[in-house]
Amino acid sequence: QLVESGGGLVQPGGSLRLSCAASGMIFRTYAMGWYRQAPGKQRELVAAIGSDGSTNYVDSVKGRFTISRDNAKKMLYLQMNSLKSEDTGVYYCKGWDTLGGYWGQGTQVTVSS
């Protein structure tokens, strides 16, 4: 099970930190990622972190977002800085391995003045 938290309303240029708490899985063996679904658009992968700690980002968030994980606490994080209106959407946490994956329920992020 994956449960996200930390979403909310923030002004352009502001920051938010999303968290994802994992349970019922061997967290350290899973690749993890944050997806975003903007209104009227398809869900897209924003950032991912492998079980080895390697990271990848979509170009639009490079230099602004940082994904991290704490295997001991079974937590995934997304630090979002310099937020823009186009970052608005529902953010989902996902974990996957070779056998399948898990999704969280999502948390709303709204960037607006």
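In this predicted model, Gly63 sits in the loop that links strand E6 (55–57) to strand E7. Gly63 counts as exposed because its relative accessibility reaches 84%, well clear of the cut-off of over 50%. A useful reference point for finding this glycine is Trp96: the two residues are 33 positions apart along the chain, and their C-alpha atoms are separated by 25 Å.

Two further loops are worth a look on the way along the chain. Lys74 is found in the loop between E7 and E8, and its phi is positive, about 55 degrees, although the residue is not a glycine. With a relative accessible area of 34%, Lys74 is partly exposed. Ser82 belongs to the loop between E8 and E9. Here too phi is positive, at about 50 degrees, in a residue that is not a glycine. Ser82 is likewise partly exposed, its relative accessible area being 41%.

These loops belong to a protein with 11 strands and zero helices, so that a reader tracing the chain from the N terminus meets β elements throughout. Of the contacts with a separation of 6 or more, 53% join residues that are 24 or more positions apart.

Turning to the interior, buried residues make up 42% of the 113 residues. In soluble globular proteins, nonpolar side chains tend to be buried together. The largest nonpolar core in this model holds 25 residues, and the members that touch the most others are Met32, Trp34, Phe65, Leu76, Leu78, Met80 and Tyr91. At least two residues of this core come from each of strands E3 (16–22), E4 (31–37), E5 (44–49), E7 (65–70), E8 (75–80), E9 (89–97) and E11 (107–111). Strand E3 gives the largest share, with four residues.

For the protein as a whole, the radius of gyration is 13 Å, which agrees with the value near 13 Å that a compact globule of 113 residues would have. The C-alpha trace spans about 40 × 25 × 25 Å along its principal axes. On the outside, the protein exposes about 5,900 Å², and carbon and sulfur atoms supply 48% of this area. Charged groups comprise 12 positive and 8 negative charges, and the mean positions of the two sets are 3 Å apart.

Definitions and conventions
Residues numbered from 1 in each chain as written. Predicted model: local features only at pLDDT ≥ 70, side-chain atom pairs only at ≥ 80, totals over all residues. Heavy atoms only, no water. Core = buried A, V, L, I, M, F, W, Y, C linked by side-chain atoms within 4.5 Å. Buried < 20%, exposed > 50% of the residue type's maximum accessible area, 1.4 Å probe, protein only. Rg over C-alpha atoms; globule rule 2.2 N^0.38 Å. Contact = heavy atoms within 4.5 Å. Areas by Shrake-Rupley, 256 points an atom, 1.4 Å probe, with all protein chains shown as cover. Lys, Arg positive; Asp, Glu negative; His and termini not counted. Charge placed at Lys NZ, Arg CZ, Asp CG, Glu CD.
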